[in-house]
Amino acid sequence: MRRIRFNGTDSKNGGCPAVHEDLDSGEILVQGRPVTDPEDMAQLQHLGPGDAVVAVPRALLVNHGPKESERVPELISLEEFGRLFETFEHAAWHLETRRGYASDREDPGFAEFLTTGGVPCDLDSDWCVNIRRQTSAGKYVGRVRVVDDPPTQGQRFLLGYARCNAATGEDVRAVRRADAERVRLPDEDFWVFDARLVAVLHFDGHDVLHDVEVITEPAEVLRYCQVRDAAVHASVPYDRFAAQPDAKE
């Protein structure tokens with residue numbers, strides 16, 4: 001089965017025509033109005049017996065088609081990534097989709113969580129001090145966490161830690177994975193900064209963050225912003241989520 005990502009549409013009502021991408025092969029899938037008129041079909045060259053033709057506005061491909069034949073990721077260091085949280089101007093938002101993070105398991109608070117079920121909250125940590133500084137200045141910081149049913153150990157830890165995030169002024173929300181799949185959220189971890197820059201987080205098989213890809217191409221940034229809006233719509237505040245009977249089972 002293909003892993004297909006929706007890239008965008010110029011339709012005002014969110015329908016056809018649209019552009020999708022096969023994440024594994026890189027093939028571009030174009031959805032449009034079928035061309036079936038025999039006179040039109042007779043003018044087409046090299047049309048095979050199993051081929052189909054669709055008509056789409058030129059602007060669709062200009063706005064949502066690939067801009068290069070082979071995409072070369074722009075990577076930044078983890079230090080540069082960290083500075084984005086100090087220099088963003090008005091908003092930073094995160095989609096969390098992983099079932100666990102190595103950085104959480106290395107946190108001393110994780111061992112306490114395994115022993116007691118409670119999650120400590122250190123509001124004097126560098127992260128919390130900076131986020132509290134940003135939100136106190138009127139900036140928005142938010143995140144949506146995708147949670148399995150039942151939640152993994154790492155997700156239960158983060159559900160407990162959400163009160164610490166919220167105490168810094170973050171808007172923390174959660175969504176069940178089934179609902180995330182229903183609204184077609186991608187299986188990616190990323191931050192959107194100021195609706196102009198996206199930082200996609202790449203992890204290895206042991207949940208270790210190994211590099212960060214920066215995207216600034218406007219059409220791509222718009223796609224991630226659309227994902228953000230869908231995630232916020234499908235999610236609920238973390239405390240309402242955690243209060244559900246099966247949220248921590």
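Start with the charges: this protein carries 29 positive and 44 negative ones, and their mean positions sit 4 Å apart. Keep in mind that you're looking at a predicted model.

Now zoom out to the whole chain. Along the principal axes, the C-alpha atoms fill a box of roughly 75 × 40 × 35 Å. Colour by secondary structure and you should find ten helices and 13 strands. Of the 249 residues, 41% are buried. Switch on the surface and there's about 14300 Å² exposed, with carbon and sulfur atoms supplying 51% of that. As for how the chain packs on itself, take contacts between residues at least 6 apart in sequence: 68% of them join residues at least 24 apart.

Back to the charges, this time in pairs. A search of the whole structure turns up 15 salt bridges, and a few are worth a stop.

Select Glu-220 and Arg-5. Their side chains form a salt bridge at 4.0 Å, N to O. Glu-220 belongs to helix 9 (residues 218-234) and Arg-5 to strand 1 (residues 4-8), so this pair ties together parts that lie 215 residues apart in sequence. Both ends are tucked away: Glu-220 is buried at 15% relative accessible area, and Arg-5 is buried at 9%. Add Glu-21 and Arg-223 to the selection, and you have a network of salt bridges linking these two with Arg-5 and Glu-220.

Hold on to Arg-223 and bring up Glu-188, in the loop between helix 8 (177-182) and strand 10 (189-193). What does a buried Glu-188 do without a salt bridge? Its nearest side chain of opposite charge is Arg-223, 4.2 Å away, and a salt bridge needs the nitrogen and the carboxyl oxygen within 4 Å. Glu-188 does have a polar contact of 3.1 Å with the side chain of Tyr-224. Show its surroundings too: beyond neighbours within four places in sequence, Glu-188 is in contact with Leu-95, Thr-97, Val-200, Arg-223 and Tyr-224.

Next, pick Arg-177 and Asp-148, whose side chains meet in a salt bridge at 2.8 Å, N to O. This pair links distant parts of the chain, 29 residues apart: Arg-177 is in helix 8, while Asp-148 is in the loop between strand 8 (140-147) and helix 7 (153-167). Arg-177 is buried, with a relative accessible area of 11%, and Asp-148 also counts as buried at 11%.

Last stop: Asp-229 and Arg-228, joined side chain to side chain by a salt bridge of 3.3 Å, N to O. Here Asp-229 is partly exposed at 47% relative accessibility, and Arg-228 is partly exposed at 23%.

How values were computed:
Residues are numbered from 1 along each chain as its sequence is written. This is a predicted model: local features need pLDDT of at least 70, side-chain atom pairs count only at pLDDT 80 or more; totals for chains, interfaces and linings use all residues. Side-chain values use heavy atoms; hydrogens and water are left out. Helices (H or I, at least four residues) and strands (E, at least two) are DSSP runs, numbered from the N terminus. Buried means under 20% relative accessible area, exposed over 50%, partly exposed in between (1.4 Å probe, protein chains only). Contact means heavy atoms within 4.5 Å. Accessible areas come from the Shrake-Rupley method with a 1.4 Å probe; for residues, only the protein chains shown count as cover. Lys and Arg count as positive and Asp and Glu as negative; His and the chain ends are not counted. The place of a charge is taken as NZ of Lys, CZ of Arg, CG of Asp or CD of Glu. A polar contact is a pair of N or O atoms within 3.5 Å; within protein, one must be able to donate a hydrogen and the other to accept it, and residues adjacent in sequence count only if both atoms are side-chain atoms.
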